[in-house]
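Open your viewer, set it to a cartoon view, and keep the selection box handy. We will go from stop to stop, and at each one you will hear what to select and what is there.

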Amino acid sequence: MGCNEIRAGIVGVGTYVPERVLTNADMENMVATSDEWIRARTGIRERRVASAEEATSDLALVASRRALEDAGVSAGELDVIIVATNTPDMLFPATACLLQDKLGAAKAGAFDLLAGCTGFIYGIAVGAQFITAGTARTVLVVGAETLSRIVNWKDRSTCVLFGDGAGAVVLRRVPGDRGVISSVLRSDGGGGHLLHMPAGGSRQPASVETITANMHYVHMNGREVFKFAVRVMGEAADEVLHQAGMGREDIDFFIPHQANIRIIEHAARKIGLPMERVAVNVDRYGNTSTASIPLALEEALQRGKIADGDNVIMIGFGAGLTWGGLLVKWYDYKNR
Ligand code: ACO
């Protein structure tokens, strides 16, 4: 890459999870399940649940303020706000616009991005393009979810899996060879029915019938999604590396979407990385969808797992079906 080429990189990270913890023991009191089953099948021990007053934009707001502070950037400097979410406050206006208002980001354009649990990967890929194209200087990308609001708490096959949370990053041009090196975005709408919320849109507007039939909840074919996830995680990693002219041996740290520890371990084996170089938070937060990767990123930074110049690979998959990956050469913005 020529030294004049513009690259976007992460220059601030912030997260937020609600205070309320729901343990597997709590789940045992709600549905016919067991701590042993949940841990063995998913690796999840507990998850967070938003309070009745908290909606997705509230979680996003705290994470965003923390990311802006971490970046040393004011809300007024934001040019674009992208909120990746599957659980917007409402169908419209966009949660990104609600966030824009709460932040007081007076000159920012704002939009939501719906790409299942891959939304955060899509968000960074899209946000980075504004910067490399020269149409924006500062972009806020947020992954925020209140999945507890669309989970059927009587369905043991899904309710044990998900959690609420939010993560945000600030993107700006970064110097030298640092920043987002490559990105891969994929989809297969033919698998849409494997993970969906059937009603509440123009196909099946909300009605007494749709509510009675539990059609406003997450419906998932867990086995098929599992097989899909295992297949595409390795493929996406290879594609981002290929695009960057790198090999698996060049990866320093891996941040996978946190849906299931078995999927994470399988992907790590495929990529050939030991688990100490793989981010894991599914045990404490469950599947927080678009928030899982930024939550895991911040934790890895706090634990000193990522250093300047490290090649960090992030891979996501989810409803759509969608999947995708990013390769980021880490820019140590803290010590610039
Ligand atoms: N507690 C106890 N038993 C349960 C539970 C539970 N919470 N849930 C299901 N079971 C039972 C089932 O009823 C089934 O019983 P049966 O054999 O008598 O019918 C048995 O356990 C096995 O069920 P499976 O669905 O085959 O279990 P599996 O090993 O596939 O694990 C799981 C289920 C954890 C959902 C797994 O398939 C998985 O993780 N899939 C991927 C899901 C995923 O990643 N989703 C997120 C995608 S990202 C996004 O966009 C949101």
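**Stop 1: a loop residue with positive phi**

Select Ser289, which sits in the loop between helix 10 and helix 11. The helices and strands on this tour are DSSP runs (helices H or I, at least four residues; strands E, at least two), numbered from the N terminus. The model is predicted, so local features need pLDDT of at least 70 and side-chain atom pairs count only at pLDDT 80 or more, while totals for chains, interfaces and linings use all residues. Residues are numbered from 1 along each chain as its sequence is written, and side-chain values use heavy atoms, with hydrogens and water left out.

Ser289 has a positive phi of about 55° although it is not a glycine. Is Ser289 buried or exposed? Ser289 is buried, with a relative accessible area of 3%. Here buried means under 20% relative accessible area, exposed over 50%, and partly exposed in between (1.4 Å probe, protein chains only).

Now jump to Asn214, in the loop between helix 7 (208-212) and strand 10 (219-220). Asn214 is not a glycine either, yet its phi is positive, at about 55°. With 34% relative accessibility, Asn214 counts as partly exposed.

**Stop 2: the salt bridges**

Next, show side chains as sticks. How many salt bridges does the structure hold? There are 14, a salt bridge being a side-chain nitrogen of Lys or Arg within 4 Å of a carboxyl oxygen of Asp or Glu.

Select Arg284 and Glu299, whose side chains meet in a salt bridge at 2.7 Å, N to O. This pair links distant parts of the chain: Arg284 belongs to helix 10 (residues 282-285) and Glu299 to helix 11 (residues 292-302), 15 residues apart. Arg284 is partly exposed at 23% relative accessibility, whereas Glu299 counts as buried at 13%. Add Asp283 and Arg303 to the selection, and you have a network of salt bridges that links Asp283, Arg284, Glu299 and Arg303.

Then pick Glu77 and Arg172, a salt bridge with its closest N and O atoms 3.0 Å apart. This pair also links distant parts of the chain, with Glu77 in the loop between helix 3 (56-71) and strand 4 (80-84), Arg172 in strand 7 (residues 165-174), and the two positions 95 residues apart. Glu77 is partly exposed, with a relative accessible area of 28%, while Arg172 counts as buried at 14% relative accessibility.

For a salt bridge within one helix, select Lys227 and Glu224, where the closest N and O atoms are 2.9 Å apart. Lys227 and Glu224 are 3 residues apart in helix 8 (residues 222-244), so about one helical turn separates them. Glu224 is partly exposed, at 31% relative accessibility.

**Stop 3: the ligand and its shell**

Center on the ligand and select the residues around it, using heavy atoms within 4 Å. Which residues are the closest? Of the 26 residues that surround the ligand, the closest are Thr33, Arg41, Cys117, Arg223 and Asn260.

Turn to the polar contacts, pairs of N or O atoms within 3.5 Å. A polar side-chain atom of Thr33 lies 2.6 Å from a nitrogen atom of the ligand. Arg262 places a polar side-chain atom 3.5 Å from a ligand oxygen atom. From Ala319, a backbone N or O atom lies 3.0 Å from an oxygen atom of the ligand. The protein covers 76% of the 1000 Å² of accessible area that the ligand has on its own, with areas from the Shrake-Rupley method and a 1.4 Å probe.

Color the shell by element: helix 2 (35-42), helix 6 (156-159), helix 8, helix 9 (261-271) and strand 12 (311-318) give two or more residues each. Helix 8 gives the largest share, 4 residues. By class, the shell has 14 nonpolar, 8 polar and 4 charged residues. Domain 1 (8-177) and domain 2 (180-335) both give residues to the shell, so the ligand lies between them.

**Stop 4: two cis peptide bonds**

Finish on the backbone. Select Phe92 and Pro93: the peptide bond from Phe92 to Pro93 is cis, with omega near 5°. Pro93 is in the loop between strand 4 and helix 4 (95-103). Then select Gly320 and Leu321, where the peptide bond is again cis, with omega near -10°. Leu321 is found in the loop between strand 12 and strand 13 (322-329).

Definitions and conventions
Polar contact = N/O pair within 3.5 Å; in protein donor to acceptor, adjacent residues only side chain to side chain. Nonpolar A, V, L, I, M, F, W, Y, C, P; charged D, E, K, R; others polar. Domains from an automatic or database assignment.
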